[in-house]
Amino acid sequence: IFHKAYGFHTYDSLQPVQLTDVYDLASVTKIAAALPALMKLYDEGKLYLDAPFSNYWKPWRHRKDKKDLTLREILAHQAGLVPYIVFLQKVLRKNGKIKKRFVRNSSHKRFQGQVYDGLYINNRFERKMSRIINRSKVSDERKYVYSGLTFLIFPRLIEQLSGTDYQTYLHENFYQPLGCHTLGYLPKENNYVNAIVPTEVDSLFRKTLVKGWVHDENAALMGGISGNAGLFATAEDLARLMQMYMNYGTYDGKRYLEEETVKEFIKVQYPENENRRGLGFDKPLLGNDTLQLKDAYPAPEASSESFGHSGFTGTFVWADPKNQLVFIFLSNRVNPAREHRNLYKLKIREAVQQVFYRANLN
């Protein structure tokens, strides 16, 4: 195990990064929260990949363009769904002021979801988000277009099918038995001794440095609990979860998911459509092993069996069953602003990953 921390929380260089620091995982949440729950429900026969998703999500039964979409198409980003909807536009006026009917500065029986310190969202706003998602357009062209929209509604679907609160379901079935003590939502509520690494200086909505609350605005407007973002964790806890996946559903002698389920979800689903994706999981570019590092994703040495996901805040997790290698990279590249893109331009994550592959292969 190579486990190191480098740099500081912010550019003032006052607080060094520690191995126990907790990071905002951004879209890594998709495969670390909503996806394991969906996989377990699939194991239990409560979900089918090739049945219409509208069998489970009733509002889609009356949407002509959505009623026949399957969960397989949705999870492989092959369903033609809109990539993203900026719900923040619904709560801000043109002059940038917050609409008081949606967000208040204090908790109230109608404003219980906390968006940030001193900001609370109307309880009905999540339903408004769902209605907008349900009415969103679907492309007639079936090709790979990354869309996280359904991950906003997956927590409610998981509660509906499991009969259990979403967070409770994740903690009881995965995080607690895996020993992932920091993996979860709303870290400020958990009173961690661990330091939480801040993300962006938000000049639009929260008007401050975002720390201890989810960076993603859509997840924030859901009270910090969503399937697309909102999860926080240390590198060590993420390594436990990814090791479980790499072992095809087992960790430390306990089975969490059926082997065939994991193998199905980490498999490329639509290679004939030039779509590299598994079910929820990201995969190497098709033909990645023939590419130079500057063109590859992830490192060219990653096997075709490998899988993982990246996150907007600068996070990246990857597991490779063939080479028995788990790679966790956590950063806060959006600090102080999301315009910082050198992590992508310089292929930092892929380059560091390549170092470990070459060491491992030698």
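Start by selecting helix 8, which gives six residues to the lining of the largest pocket, the largest share of any element. Bear in mind that you're looking at a predicted model.

Now fill in the rest of that pocket. It holds about 1500 Å³ of space. Select Lys4, Ala235, Ile328, Phe329 and Leu330: of the 45 lining residues, these sit closest to the pocket's centre. Next, add helix 8 (235-246), strand 12 (325-329), helix 10 (342-345) and helix 11 (348-361), the elements that each give two or more residues to the lining. Try colouring the lining by class, and you'll get 25 nonpolar, 14 polar and six charged residues.

Next stop: the second largest pocket, with a volume of about 840 Å³. Which residues are closest to its centre? Pick out Ser27, Gly311, Phe312, Thr313 and Tyr344, from a lining of 42 residues. Strand 10 (307-311) is worth highlighting here, since it supplies the largest share of this lining, three residues. Colour this lining by class too: 19 nonpolar, 10 polar and 13 charged.

Now head for the largest nonpolar core, a set of 99 residues. Show Phe53, Leu75, Val91 and Phe154, the members that touch the most others. Then select helix 1 (residues 29-43), which brings nine residues, the largest share of this core.

Zoom in on Phe53. What does it touch, leaving aside residues up to four places away in sequence? Its contacts are Trp60, Leu69, Thr70, Leu71, Ile74, Ile153, Phe154 and Leu157.

Last stop: another core lies apart from the largest one and has 10 residues, including Phe316, Trp318, Leu325 and Leu343.

How values were computed
Residues are numbered from 1 along each chain as its sequence is written. This is a predicted model: local features need pLDDT of at least 70, side-chain atom pairs count only at pLDDT 80 or more; totals for chains, interfaces and linings use all residues. Side-chain values use heavy atoms; hydrogens and water are left out. A nonpolar core is a set of buried Ala, Val, Leu, Ile, Met, Phe, Trp, Tyr and Cys residues joined through side-chain atoms within 4.5 Å. Buried means under 20% relative accessible area, exposed over 50%, partly exposed in between (1.4 Å probe, protein chains only). Helices (H or I, at least four residues) and strands (E, at least two) are DSSP runs, numbered from the N terminus. Contact means heavy atoms within 4.5 Å. On a 1 Å grid over the protein atoms alone, a cavity is a set of points where a 1.4 Å probe fits but cannot get out, and a pocket is an open set with protein on both sides within 12 Å along at least five of seven lines; lining residues have an atom within 4 Å of a point. Grid points are joined across faces, edges and corners, and a volume is the space filled by probe spheres set on the points. Ala, Val, Leu, Ile, Met, Phe, Trp, Tyr, Cys and Pro count as nonpolar, Asp, Glu, Lys and Arg as charged, and the others, Gly among them, as polar.
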